[in-house]
Amino acid sequence: MTFPVSFTTLIDKIEDITASTVESTVVLADRIRESITGGQKASAEILLEPAVKAVIQGHIQHTLQHNRYCSGAGFASHIEKSPTTDEYWLLEWWFKKNNGLQQVNLDLDQATQQRLDFRTFEWFRHTPSVGKAFIHGPYVDYVCNTAYTLTSAVPVYSDGKFLGVAAIDMLVSQIEEELLSCRHPAKVVLTNRERRIIFSTRPDYRVGNLLSTHPATVLYQSDYFILYQCSN
(Lines give C-alpha, C1' and ligand atoms only; values in the text may rest on other atoms or scores of the structure.)
Protein backbone atom coordinates (compact mmCIF):
# COMPACT_ATOMS: atom_id res chain seq x y z
CA MET A 1 0.00 0.00 0.00
CA THR A 2 1.27 3.49 -0.92
CA PHE A 3 1.02 6.23 1.71
CA PRO A 4 1.31 10.01 1.31
CA VAL A 5 4.91 11.12 1.78
CA SER A 6 3.93 13.21 4.81
CA PHE A 7 2.81 10.05 6.63
CA THR A 8 5.64 7.69 5.66
CA THR A 9 7.96 8.43 8.58
CA LEU A 10 5.15 8.17 11.11
CA ILE A 11 3.87 4.87 9.70
CA ASP A 12 7.40 3.45 9.50
CA LYS A 13 7.86 4.22 13.19
CA ILE A 14 4.54 2.54 14.11
CA GLU A 15 5.55 -0.54 12.14
CA ASP A 16 9.01 -0.60 13.75
CA ILE A 17 7.54 -0.41 17.26
CA THR A 18 5.04 -3.15 16.44
CA ALA A 19 7.44 -5.53 14.69
CA SER A 20 10.18 -5.09 17.30
CA THR A 21 7.82 -5.68 20.22
CA VAL A 22 6.02 -8.66 18.71
CA GLU A 23 9.28 -10.31 17.67
CA SER A 24 10.81 -9.78 21.13
CA THR A 25 7.73 -11.24 22.84
CA VAL A 26 7.67 -14.30 20.58
CA VAL A 27 11.40 -14.89 21.13
CA LEU A 28 11.04 -14.46 24.90
CA ALA A 29 8.21 -17.02 24.97
CA ASP A 30 10.29 -19.48 22.92
CA ARG A 31 13.34 -19.11 25.17
CA ILE A 32 11.26 -19.53 28.31
CA ARG A 33 9.64 -22.66 26.89
CA GLU A 34 13.04 -24.11 26.05
CA SER A 35 14.31 -23.28 29.54
CA ILE A 36 11.36 -24.98 31.19
CA THR A 37 11.23 -28.09 29.04
CA GLY A 38 14.93 -28.68 28.40
CA GLY A 39 13.84 -31.02 25.63
CA GLN A 40 11.61 -32.95 28.02
CA LYS A 41 7.93 -32.84 28.87
CA ALA A 42 7.44 -30.19 31.52
CA SER A 43 5.13 -29.71 34.45
CA ALA A 44 4.29 -26.34 35.95
CA GLU A 45 6.05 -27.31 39.19
CA ILE A 46 9.43 -27.02 37.49
CA LEU A 47 8.92 -23.25 37.49
CA LEU A 48 9.55 -23.27 41.23
CA GLU A 49 13.07 -24.65 40.85
CA PRO A 50 15.68 -21.91 41.57
CA ALA A 51 17.88 -22.88 38.62
CA VAL A 52 14.97 -22.66 36.18
CA LYS A 53 13.85 -19.32 37.62
CA ALA A 54 17.38 -17.95 37.23
CA VAL A 55 17.50 -18.91 33.54
CA ILE A 56 14.08 -17.35 32.92
CA GLN A 57 15.23 -14.16 34.63
CA GLY A 58 18.24 -14.06 32.32
CA HIS A 59 16.00 -14.21 29.24
CA ILE A 60 13.80 -11.44 30.64
CA GLN A 61 16.78 -9.21 31.35
CA HIS A 62 18.18 -9.83 27.86
CA THR A 63 14.86 -8.76 26.36
CA LEU A 64 14.87 -5.51 28.33
CA GLN A 65 18.45 -4.75 27.38
CA HIS A 66 17.92 -5.29 23.65
CA ASN A 67 14.51 -3.71 22.96
CA ARG A 68 14.43 0.07 23.15
CA TYR A 69 10.62 0.22 23.28
CA CYS A 70 10.30 -2.27 26.14
CA SER A 71 9.84 -0.74 29.61
CA GLY A 72 9.15 -4.01 31.43
CA ALA A 73 9.14 -7.72 30.68
CA GLY A 74 8.40 -10.96 32.41
CA PHE A 75 6.66 -14.28 32.74
CA ALA A 76 3.42 -14.96 34.60
CA SER A 77 2.08 -18.37 35.52
CA HIS A 78 -0.60 -19.94 37.66
CA ILE A 79 0.06 -23.39 39.08
CA GLU A 80 -3.09 -25.30 39.94
CA LYS A 81 -3.33 -27.09 43.26
CA SER A 82 -2.35 -30.75 43.00
CA PRO A 83 -1.74 -33.66 45.40
CA THR A 84 1.94 -32.64 45.56
CA THR A 85 1.79 -28.85 45.08
CA ASP A 86 -0.22 -25.99 46.55
CA GLU A 87 -1.85 -23.43 44.28
CA TYR A 88 0.81 -20.90 43.33
CA TRP A 89 0.98 -17.62 41.45
CA LEU A 90 4.33 -16.92 39.81
CA LEU A 91 5.43 -13.56 38.41
CA GLU A 92 8.98 -13.01 37.21
CA TRP A 93 8.92 -9.34 36.23
CA TRP A 94 11.70 -6.82 35.63
CA PHE A 95 11.61 -3.20 34.48
CA LYS A 96 13.98 -0.45 33.39
CA LYS A 97 14.91 2.06 36.08
CA ASN A 98 17.69 4.65 36.26
CA ASN A 99 19.60 3.13 33.34
CA GLY A 100 19.48 -0.28 35.00
CA LEU A 101 17.09 -3.15 35.62
CA GLN A 102 15.01 -3.76 38.73
CA GLN A 103 12.87 -6.72 39.73
CA VAL A 104 9.27 -6.51 40.87
CA ASN A 105 9.03 -8.78 43.89
CA LEU A 106 5.30 -9.45 43.98
CA ASP A 107 5.84 -13.18 43.76
CA LEU A 108 7.55 -13.15 47.16
CA ASP A 109 4.14 -12.59 48.75
CA GLN A 110 1.57 -15.19 47.75
CA ALA A 111 -1.18 -13.29 49.58
CA THR A 112 -0.58 -10.40 47.21
CA GLN A 113 -0.36 -12.69 44.21
CA GLN A 114 -3.73 -14.25 44.94
CA ARG A 115 -5.32 -10.79 44.81
CA LEU A 116 -3.68 -10.35 41.38
CA ASP A 117 -5.11 -13.39 39.68
CA PHE A 118 -3.54 -13.27 36.20
CA ARG A 119 -6.38 -15.38 34.84
CA THR A 120 -8.59 -12.26 34.96
CA PHE A 121 -6.10 -10.15 32.95
CA GLU A 122 -6.85 -9.63 29.26
CA TRP A 123 -3.24 -10.22 28.18
CA PHE A 124 -3.13 -13.52 30.09
CA ARG A 125 -6.24 -15.06 28.55
CA HIS A 126 -5.67 -14.76 24.80
CA THR A 127 -3.89 -17.11 22.41
CA PRO A 128 -2.63 -15.33 19.28
CA SER A 129 -1.72 -16.95 15.98
CA VAL A 130 1.71 -18.57 15.70
CA GLY A 131 4.41 -15.93 15.31
CA LYS A 132 2.16 -13.15 16.61
CA ALA A 133 1.38 -11.61 19.98
CA PHE A 134 -1.77 -10.37 21.64
CA ILE A 135 -1.41 -6.66 22.40
CA HIS A 136 -3.65 -5.31 25.15
CA GLY A 137 -4.21 -1.65 25.95
CA PRO A 138 -3.89 1.17 26.45
CA TYR A 139 -4.76 0.61 30.09
CA VAL A 140 -3.48 1.95 33.40
CA ASP A 141 -1.15 -0.67 34.89
CA TYR A 142 -1.89 -0.40 38.60
CA VAL A 143 0.33 -3.41 39.38
CA CYS A 144 3.75 -2.28 38.14
CA ASN A 145 4.03 1.27 36.81
CA THR A 146 0.68 3.11 37.42
CA ALA A 147 0.93 4.53 33.88
CA TYR A 148 -0.87 4.02 30.58
CA THR A 149 0.61 0.85 29.12
CA LEU A 150 0.42 -1.53 26.18
CA THR A 151 1.19 -5.17 26.97
CA SER A 152 2.35 -7.62 24.30
CA ALA A 153 1.78 -11.23 25.34
CA VAL A 154 2.53 -14.72 24.01
CA PRO A 155 1.48 -17.90 25.85
CA VAL A 156 4.03 -20.62 26.61
CA TYR A 157 3.01 -24.25 25.96
CA SER A 158 4.74 -27.59 26.26
CA ASP A 159 3.13 -30.51 24.40
CA GLY A 160 -0.15 -28.63 24.42
CA LYS A 161 0.02 -27.90 28.16
CA PHE A 162 -0.28 -24.23 29.14
CA LEU A 163 2.63 -23.11 31.35
CA GLY A 164 2.21 -19.35 31.46
CA VAL A 165 2.53 -16.13 29.47
CA ALA A 166 5.60 -14.18 28.38
CA ALA A 167 4.85 -10.47 28.22
CA ILE A 168 6.41 -7.12 27.39
CA ASP A 169 5.18 -3.69 28.50
CA MET A 170 5.45 -0.51 26.46
CA LEU A 171 4.73 2.85 28.08
CA VAL A 172 2.25 4.91 26.08
CA SER A 173 4.24 8.03 27.05
CA GLN A 174 7.33 6.63 25.31
CA ILE A 175 5.33 5.71 22.22
CA GLU A 176 4.03 9.28 22.17
CA GLU A 177 7.58 10.67 22.32
CA GLU A 178 8.70 8.37 19.51
CA LEU A 179 5.79 9.35 17.25
CA LEU A 180 6.01 13.07 17.98
CA SER A 181 9.65 12.97 16.86
CA CYS A 182 8.50 11.85 13.40
CA ARG A 183 7.37 14.08 10.61
CA HIS A 184 3.58 14.06 10.52
CA PRO A 185 0.63 16.25 9.53
CA ALA A 186 -1.80 17.68 12.04
CA LYS A 187 -4.88 15.92 13.36
CA VAL A 188 -3.77 12.30 13.43
CA VAL A 189 -4.95 9.72 15.94
CA LEU A 190 -3.58 6.23 16.61
CA THR A 191 -5.91 3.68 18.19
CA ASN A 192 -5.99 -0.01 18.92
CA ARG A 193 -8.31 -2.20 16.86
CA GLU A 194 -11.21 -1.33 19.19
CA ARG A 195 -10.66 2.40 18.46
CA ARG A 196 -9.29 3.17 21.92
CA ILE A 197 -6.87 6.08 21.61
CA ILE A 198 -3.13 5.49 22.09
CA PHE A 199 -1.70 8.65 20.53
CA SER A 200 -3.15 11.89 19.19
CA THR A 201 -1.85 15.23 17.95
CA ARG A 202 -5.08 16.83 19.15
CA PRO A 203 -5.27 17.69 22.88
CA ASP A 204 -9.02 17.07 22.97
CA TYR A 205 -8.49 13.41 22.07
CA ARG A 206 -7.31 11.79 25.28
CA VAL A 207 -5.36 8.55 25.68
CA GLY A 208 -7.64 5.70 26.74
CA ASN A 209 -10.83 7.25 25.34
CA LEU A 210 -12.76 5.66 22.50
CA LEU A 211 -12.52 7.51 19.18
CA SER A 212 -15.93 8.96 18.43
CA THR A 213 -17.82 8.24 15.24
CA HIS A 214 -17.27 11.66 13.64
CA PRO A 215 -15.66 11.57 10.17
CA ALA A 216 -12.08 10.30 10.16
CA THR A 217 -10.05 8.81 7.32
CA VAL A 218 -8.15 5.57 7.87
CA LEU A 219 -4.56 6.15 6.77
CA TYR A 220 -3.08 2.86 7.93
CA GLN A 221 -4.15 -0.27 9.77
CA SER A 222 -2.50 -3.47 10.89
CA ASP A 223 -3.44 -6.45 13.02
CA TYR A 224 -2.85 -4.25 16.06
CA PHE A 225 -3.34 -0.55 15.33
CA ILE A 226 -5.28 1.95 13.19
CA LEU A 227 -4.03 5.42 12.22
CA TYR A 228 -6.65 8.05 11.36
CA GLN A 229 -6.58 11.57 10.02
CA CYS A 230 -9.44 13.62 11.43
CA SER A 231 -11.35 15.93 9.17
CA ASN A 232 -11.85 18.69 11.74
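This is a short tour of a predicted model, with one selection to make at each stop.

**Stop 1: the whole chain**

Begin with the full protein chain in a cartoon view. You will find five helices and 10 strands. The chain has 232 residues, and 48% of them count as buried. Now show the surface: the accessible area comes to about 11700 Å², and carbon and sulfur atoms account for 51% of that. Among contacts with a separation of 6 or more, 56% join residues 24 or more positions apart.

**Stop 2: the six-stranded sheet**

Next, select strands 1 to 6. They form an open sheet with antiparallel pairing, and the strand order across it is 3-2-1-6-5-4. Which strands stand at the edges? Colour residues 100–104 (strand 3) and 134–140 (strand 4) to see them; each has a single partner strand, so one side of each is left without a neighbour in the sheet. Look along the sheet as well: neighbouring strands are turned against each other by 20° on average, direction ignored.

Stay with strand 4 and add its neighbour, strand 5 (residues 148–158). The two run antiparallel and are joined by five bridges. To pick out a bridge, select Phe134, whose partner in strand 5 is Ala153.

**Stop 3: helices on the sheet**

Keep the sheet in view and add helix 2, residues 50–66, which packs on the sheet. Helix 2 touches strand 1 (72–79), strand 2 (88–97), strand 3 and strand 6 (161–171). Its direction makes about 35° with that of strand 2.

Then add helix 5, residues 172–180. Helix 5 also packs on this sheet, touching strand 4, strand 5 and strand 6, and its direction makes about 50° with that of strand 6. Which residues of helix 5 are buried? Show Val172, Ile175, Glu178 and Leu179 as sticks. Turn the view until you look down the helix axis: these buried residues fall within an arc of 115°, so they line one face of the helix. There is a general pattern to keep in mind here: an α-helix has 3.6 residues a turn, so residues three or four places apart point the same way.

**Stop 4: Ser77**

Now zoom in on Ser77, which lies in strand 1. Is Ser77 buried or exposed? With a relative accessible area of 1%, Ser77 is buried. Measure from its side chain to the backbone oxygen of Leu163 and you should find 2.5 Å. Leaving out residues up to four places away in sequence, Ser77 touches Leu47, Tyr88, Trp89, Leu90, Phe118, Phe124, Leu163 and Gly164.

**Stop 5: a loop residue**

Move to Ile46, found in the loop between helix 1 (5–37) and helix 2. What does Ile46 touch? Beyond residues up to four places away in sequence, its contacts are Ile36 and Val52. Draw a line between the C-alpha atoms of Ile46 and Ile36: they are 6.9 Å apart in space, with the two residues 10 apart in sequence.

**Stop 6: the four-stranded sheet**

Finish with strands 7 to 10, which make an open sheet with antiparallel pairing in the order 8-7-10-9. Its edge strands are strand 8 (197–200) and strand 9 (216–221), each pairing on one side only. In this sheet, neighbouring strands are turned by 25° against each other on average, direction ignored.

For a last selection, take strand 7 (residues 188–192) and strand 10 (residues 225–230), which run antiparallel and are joined by five bridges. Click on Asn192 and then on Phe225, its bridge partner in strand 10.

Notes. Residues are numbered from 1 along each chain as its sequence is written. This is a predicted model: local features need pLDDT of at least 70, side-chain atom pairs count only at pLDDT 80 or more; totals for chains, interfaces and linings use all residues. Side-chain values use heavy atoms; hydrogens and water are left out. Two strands pair if DSSP finds at least two bridges between them. Axes are lines fitted to C-alpha atoms, for helices over the stretch in contact, and angles run from 0 to 180 degrees between N-to-C directions. Contact means heavy atoms within 4.5 Å. Buried means under 20% relative accessible area, exposed over 50%, partly exposed in between (1.4 Å probe, protein chains only). Accessible areas come from the Shrake-Rupley method with a 1.4 Å probe; for residues, only the protein chains shown count as cover. The arc is that of the directions from the helix axis to the C-beta atoms. A polar contact is a pair of N or O atoms within 3.5 Å; within protein, one must be able to donate a hydrogen and the other to accept it, and residues adjacent in sequence count only if both atoms are side-chain atoms.
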